[in-house]
Amino acid sequence: MDNDHDMLPMLGRGKHRNPRKGACFMELASYLAGERWSDRPACTHRLLAHLARLVNDCTSDAARPQLAPLIPSVIGLTSTDLRWDHEIALLTATTALPVVAEETQRSLAVGALSVDRMLAATDGRDPDTLRTSTAWALADAPLAAEWARRFIRQGVVGPVRFHPGPVILDFAVPGIATACIPDADERLRRLLTEAIAICRELAGKGSRWDTVSEAPARLQPEQWHGVVAPAKLG
């Protein structure tokens, strides 16, 4: 597609009443899905949509348009299978752990250990063992990992009444965005890309993409016409 940036919509932070006021990642998903204009469309898994909103809002203005080609890939990607929540939460926690501030690392280490245990039965492993990716992430934050293990051993974590995924995402994504790293935008985009790929795999829609370049096919200009034209008027 020629002149990509001329045809892609200008994504913005937060909610927008209509396309003339701008749009965020999930609002454009609702538009392309033919749903009522909303940042919480039914076409996308609730936690994946939450991640997309956070990544959209925490990405810099300059880099945010690069998220637009991922939008069609979340349409129709939904399930009631709790594994989706577990996988999204664990991916987000382990992605953020090595780079976020120490106080945030502690919370994410608790979250990673908890969700990793939730996935043990699905993985067919002993709940007292860790996935390799979880172990590596915790090894990159050893003080936080030890603090989290003590916290859990002391029984501070009570019965789980709700899934920790939204809280993990709320700590992790802003933590990556504000970390002292030169590539925060790229890390956020890769996080969302990998989360989408995991959900596609769980849904049986194909294998994971190994790189961002393997993300969904580029959009056709006519897909954006109803959004791009009004946005230019606003």
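Val167 sits in helix 9, which spans residues 165–177. In this predicted model, Val167 has a relative accessibility of 39%, so it falls into the partly exposed class, which runs from 20% to 50%. Val167 also has company at the surface: together with Phe162 and Phe171 it makes up a nonpolar patch, and the three share about 300 Å² of accessible area.

Zooming out, the fold is helices from start to finish. The protein has 11 helices and zero strands, and reading along the sequence simply gives α-α-α-α-α-α-α-α-α-α-α. The accessible surface adds up to about 11,900 Å², with carbon and sulfur atoms contributing 52% of that. As for the inside, 47% of the 234 residues count as buried. Contacts reach well along the chain, too: taking those between residues at least 6 apart in sequence, 69% link residues at least 24 apart.

Then there is the interior packing. The largest nonpolar core holds 57 residues, and the members touching the most others are Phe25, Met26, Leu48, Leu51, Leu97 and Leu192. Two or more residues of this core come from each of helix 2 (25–32), helix 3 (46–58), helix 4 (82–96), helix 5 (102–118), helix 7 (132–139), helix 8 (142–153), helix 9 and helix 10 (184–202). Helix 9 thus turns up in both settings, giving residues to the core and carrying the partly exposed Val167.

Leu192 makes a handy example of how the core is knitted together. Leaving aside residues up to four places away in sequence, Leu192 touches Phe25, Leu48, Leu51, Ala52, Val55 and Leu70. Among these partners, Phe25, Leu48 and Leu51 are themselves listed with Leu192 as the core members that touch the most others.

How values were computed:
Residues numbered from 1 in each chain as written. Predicted model: local features only at pLDDT ≥ 70, side-chain atom pairs only at ≥ 80, totals over all residues. Heavy atoms only, no water. Patch = residues over 30% accessible without salt bridge, like charges linked within 9 Å, V, L, I, M, F, W, Y side chains within 5 Å. Areas by Shrake-Rupley, 256 points an atom, 1.4 Å probe, with all protein chains shown as cover. Salt bridge = Lys/Arg side-chain N within 4 Å of Asp/Glu carboxyl O. Helix = DSSP H or I, 4+ residues; strand = E, 2+ residues; numbered from the N terminus. Buried < 20%, exposed > 50% of the residue type's maximum accessible area, 1.4 Å probe, protein only. Contact = heavy atoms within 4.5 Å. Core = buried A, V, L, I, M, F, W, Y, C linked by side-chain atoms within 4.5 Å.
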